[in-house]
Amino acid sequence: MMTAVANFVAAVQMVSTPDVEENIATARRLVGQAAGSGSGLVVLPEYWPIMGRADTDKVAVAEQLGSGIIQRTMAELAREHGVWLFGGTLPLVSGEAGKVLNTTLVFDPAGEQVSRYDKIHLFGFANESESYDEARTIVPGKHVGTVATDAGKVGMAICYDLRFPELFRAMGPVDLIVVPAAFTYTTGAAHWDTLLRARAIENQCYVLASAQGGTHVNGRRTWGHSQLIDPWGEVRAIIEEGEGVVGGLIDHELIASVRQKLPALRHRTM
């Protein structure tokens with residue numbers, strides 16, 4: 001196994017099932033693969049512990065903050081591999097009956113939970129064959145999430161958040177934005193790549209997107225295309241469908257160079 005490199009980052013892509021234990025086993029294997037290639041920061045996808053047959057299935061496995069098998073697993077993986085682990089999302093108990101918080105928890109290389117972000121924007125979409133309404137089972141978050149890591153300052157967004165550029169501006173200057181997601185195949189094919197590149201270009205930072213990617217037991221098909229994009233909007237690495245790991249280096253000199261040559265962040269007037 002290679003020694004973890006602080007500025008080498010990786011996104012895990014999964015095709016999660018309704019079985020939490022099965023998904024934990026998959027996450028262990030793929031996080032191990034990412035760490036084994038030298039990644040010092042690893043991101044899991046949205047809903048990695050469970051993609052239920054019904055939206056309400058995640059409510060039944062919701063954990064209290066600081067306890068539960070999902071959180072213990074993430075802490076163990078971060079500590080075992082000595083990595084910063086951005087735990088995709090897991091369902092946390094909320095103050096509303098029948099609803100959860102869809103939360104990214106961040107664990108440092110010692111396995112300590114050091115930051116969190118609760119998804120703010122809740123997905124809704126309907127066409128002739130599909131219908132989604134996350135607000136039925138999720139309570140929206142209220143606070144922007146950033147955290148200082150060995151790879152630099154990291155901003156956190158989740159899936160549908162990607163469509164709201166004001167959230168990313170509110171993060172302030174960051175070196176990396178992580179985006180765990182479970183974009184549908186329909187919306188992903190139309191907008192995923194464009195939105196990710198736009199967020200990288202306008203914030204002049206790296207974007208690391210960790211997605212669900214494939215056909216799930218519940219019949220839902222997710223878009224996948226986990227990828228790393230640099231501050232100039234170039235895709236540095238990508239995986240299309242199926243489980244796997246993708247990543248690369250965060251080059252701080254490139255970030256500085258882009259911001260110096262094209263000082264758009266300093267040119268903002270509002």
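**Salt bridges, cores and one sheet in a predicted model**

E241 is partly exposed, with a relative accessible area of 35%. On that scale, buried is under 20% relative accessible area, exposed is over 50%, and partly exposed lies in between, computed with a 1.4 Å probe on protein chains only.

Before I go on, the ground rules. This is a predicted model, in which local features need pLDDT of at least 70 and side-chain atom pairs count only at pLDDT 80 or more, while totals for chains, interfaces and linings use all residues. Residues are numbered from 1 along each chain as its sequence is written, and side-chain values use heavy atoms, with hydrogens and water left out.

Back to E241. Which residue forms a salt bridge with E241? The partner is R221, and the closest N and O atoms are 2.8 Å apart. The two come from distant parts of the chain, 20 residues apart: R221 sits in the loop between β12 (206–211) and β13 (226–229), and E241 in the loop between β14 (235–239) and β15 (244–249). Helices (H or I, at least four residues) and strands (E, at least two) are DSSP runs, numbered from the N terminus. R221 is partly exposed as well, at 33% relative accessibility.

By salt bridge I mean a side-chain nitrogen of Lys or Arg within 4 Å of a carboxyl oxygen of Asp or Glu. There are ten of them in the structure. Another one joins E76 and R28, with 2.8 Å between the closest N and O atoms. This pair also links distant parts of the chain, 48 residues apart, with E76 in helix α3 (residues 69–81) and R28 in helix α1 (residues 20–36). E76 is partly exposed at 30%, and R28 is partly exposed at 32%.

A third bridge stays within one helix. E202 and R199 are both in helix α5 (residues 185–203), three residues apart, or about one turn of the helix. Their closest N and O atoms are 2.5 Å apart. Is R199 buried or exposed? R199 is buried, with a relative accessible area of 6%, whereas E202 is partly exposed at 24%.

Just past that helix comes Q204, in the loop between α5 and β12. Q204 has a positive phi of about 50°, although it is not a glycine. At 2% relative accessibility, Q204 is buried. A similar entry is Y47, also not a glycine, with a positive phi of about 60°. Y47 lies in the loop between β2 (39–43) and α2 (57–60), and is buried with a relative accessible area of 9%.

Y47 comes up again among the contacts of A182. Contact here means heavy atoms within 4.5 Å. Leaving out residues up to four places away in sequence, A182 touches E46, Y47, C159, Q212, R220 and T222. A182 is in the loop between β11 and α5 and is buried at 1% relative accessibility. The C-alpha atoms of A182 and M51 are 9.6 Å apart, with their positions 131 residues apart along the chain.

Now the interior. A nonpolar core is a set of buried Ala, Val, Leu, Ile, Met, Phe, Trp, Tyr and Cys residues joined through side-chain atoms within 4.5 Å. The largest such core has 46 residues, and those with the most contacts inside it are L41, F86, L176 and W192. A second, separate core has 27 residues, including A10, V20, L30 and L44. What does W192 touch beyond its neighbours within four places in sequence? Its contacts include L162, V179, F183, W223 and H225.

Last, the sheet. Strands pair if DSSP finds at least two bridges between them. Six strands form an open sheet with mixed pairing, in the order β9-β10-β11-β12-β13-β14. β9 (145–149) and β14 are at the edges with a single partner strand each, so one side of each has no neighbour in the sheet. From one strand to the next, the twist averages 15°; axes are lines fitted to C-alpha atoms, for helices over the stretch in contact, and angles run from 0 to 180 degrees between N-to-C directions.

Inside the sheet, β10 (residues 152–156) and β11 (residues 176–181) pair in the parallel sense over three bridges. One bridge partner there is I177 in β11, opposite G155.
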